[in-house]
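Grab a pencil and work through the exercises below. Try each task yourself before you read its solution.

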Amino acid sequence: MNKTIFPVKEKINTREHYLKVKQYLPPAKIAGGILYHRGGTTHTRDDTDVELDFRQESNFAYLSGVEAAGFHIVIVLETDTIYLVRPDIPKMEQLWKGIPEPDAALLERYSVDHILLDTQLKQFLHHLEPTVILTLDITNIDHDIYIPIAFEKRINRDHLKAAIHEARLIKFPWEISLLRYAAQMSSHAHMSLMSYCGQKYRQGQRINEAELEARFRWICSKNGLSRQCYIPIIASGPRAAVLHYTNNDKLIPNNQHALVLADAGGEYRCYGSDVTRTFPVSTRFSDEAKAIYDIVLKAQNAVLARLKPGVFWKDMHDLVVHILCNELVKIGILVGEEEELLQLGVYRAFYFHGNVGLDCHDVGGKDTNIMENTRKGFPLHLLQKPLDENMVITVEPGLYFNNVSIDAWTKNPDYKRYFDMEKIDQYRVIGGVRIEDTVLITRDGIENFTIAPKQTQDIEALMH
Ligand SMILES: [Mn+2]
């Protein structure tokens, strides 16, 4: 896929975001109150002047749309007047960094009413005299540089975060367009990895995981996704069993069982994607690889077929483990009655995505994958709330033959009788399989944003 597809042109309407956030704020705080948040700032590495990669803080991106460092936002809640505060960059720095965008351009680009310089902020707030300053727990307040010290007691960190997270959960149509675009372009990058890998195999050339990572980033960048949502995972052979493998520096094995597990997704204007595909290095799935792959695909399809508003995440997790457990018994890896195996949780020897295997792609609680990628923990919101229309989530079941995990379970005298070691050794060579799609919850089901093939025969066809 070498054709360049120009990115969608969607106006980033953050005023719409703010107005939604405001609905979740306590009405008592509105009169005389302001919303204040500070965006991310640049940092240098250790004791050097080497700048680290900058990625805007997600809540700030949500409120402002600004991807650059050093900005603040002030919103007068009573009048809904939005002030974007930009850094006053000294002339000497402009020599190195370039001339900042003029205010007129900022006003045109962002849905804000006024532009201020950060050097004017303290004076401006003095003049405004807010009764309460609603901000986030993470907001770095520089007292007496930007916020008057006299206002210290007016700062309130109790309400804004919950309001923003509530607002972020359900997407606006323009956000859906950006998310769809990010996932579709990432899908093309995945397809490119498959066909490239196939081509190299046919030519008898060995490749390195690093080459596939670079190729993934390249295809994304060509299509406007110049940033990755998270560090790509390009795991070949036994590395496919390591969930957060990011070294991506090994020569890809070329035996008949070897798989490449690529978990990578580009990001567009802070809107991300999270996609995993697993494909055979030799362009043909071995019987063992196909067996495991088809189990994971069956579990994923079962979930995708059931997703719709009103569904609880917990039930989807239960569905996945039920299928995985059942199928692992069928192929002889697990031994025993399914009910007992489920109760004991022995399937977790091969499936250990925290407490759920379906990683939510969105805010709600602490997980905020949609705009940044914090892939730890389980989104609190979704434990209590059912799915709803216009949420965007990922579905990512997997099966992994991870030696650490297998040893922990099979060497435990309480559990060893539930495992057939000979069978495990037969399948261990494939490493692991994960299939992950980013999907939108629609009125009566889903729209799958992920368009890279998943059926084994389609993957093999693409690699030929
Ligand atoms: Mn992923």
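**Exercise 1.** Find out how many helices and strands the chain has, and judge its overall build.

*Solution.* Keep in mind that this is a predicted model. Start by counting: there are 15 helices and 16 strands. Next, take the radius of gyration, which is 25 Å, close to the 23 Å that the globule rule gives for 464 residues, so the chain is as compact as a globular protein of that length. For the outline, the C-alpha trace spans about 75 × 50 × 45 Å along its principal axes.

**Exercise 2.** Work out what share of the residues is buried, and how the contacts are spread along the sequence.

*Solution.* Buried means under 20% relative accessible area. By that cut-off, 56% of the 464 residues count as buried. Now look at contacts with a separation of 6 or more: 73% of them come from residues 24 or more positions apart.

**Exercise 3.** Track down the residues that coordinate the manganese ion, and say where they sit in the chain.

*Solution.* First, list the donors: Asp-263 gives two OD entries, Asp-274 one OD and Glu-436 one OE, at 2.0 to 2.5 Å. Then read their spacing along the chain, which is D-x10-D-x161-E. Now place two of them: Asp-263 is in strand 9 (residues 259-263), while Glu-436 is in the loop between strand 14 (432-434) and strand 15 (437-441), so this pair ties together parts that are 173 residues apart in sequence. Last step, buried or exposed? Asp-263 and Glu-436 are both buried.

Definitions and conventions: Residues are numbered from 1 along each chain as its sequence is written. This is a predicted model: local features need pLDDT of at least 70, side-chain atom pairs count only at pLDDT 80 or more; totals for chains, interfaces and linings use all residues. Side-chain values use heavy atoms; hydrogens and water are left out. Helices (H or I, at least four residues) and strands (E, at least two) are DSSP runs, numbered from the N terminus. The radius of gyration is taken over C-alpha atoms; the globule rule is 2.2 Å times the number of residues to the power 0.38. Buried means under 20% relative accessible area, exposed over 50%, partly exposed in between (1.4 Å probe, protein chains only). Contact means heavy atoms within 4.5 Å. Donors are N, O and S atoms within 2.8 Å of the metal (3.2 Å for Na, K and Ca); water is not among the atoms, so sites may look incomplete.
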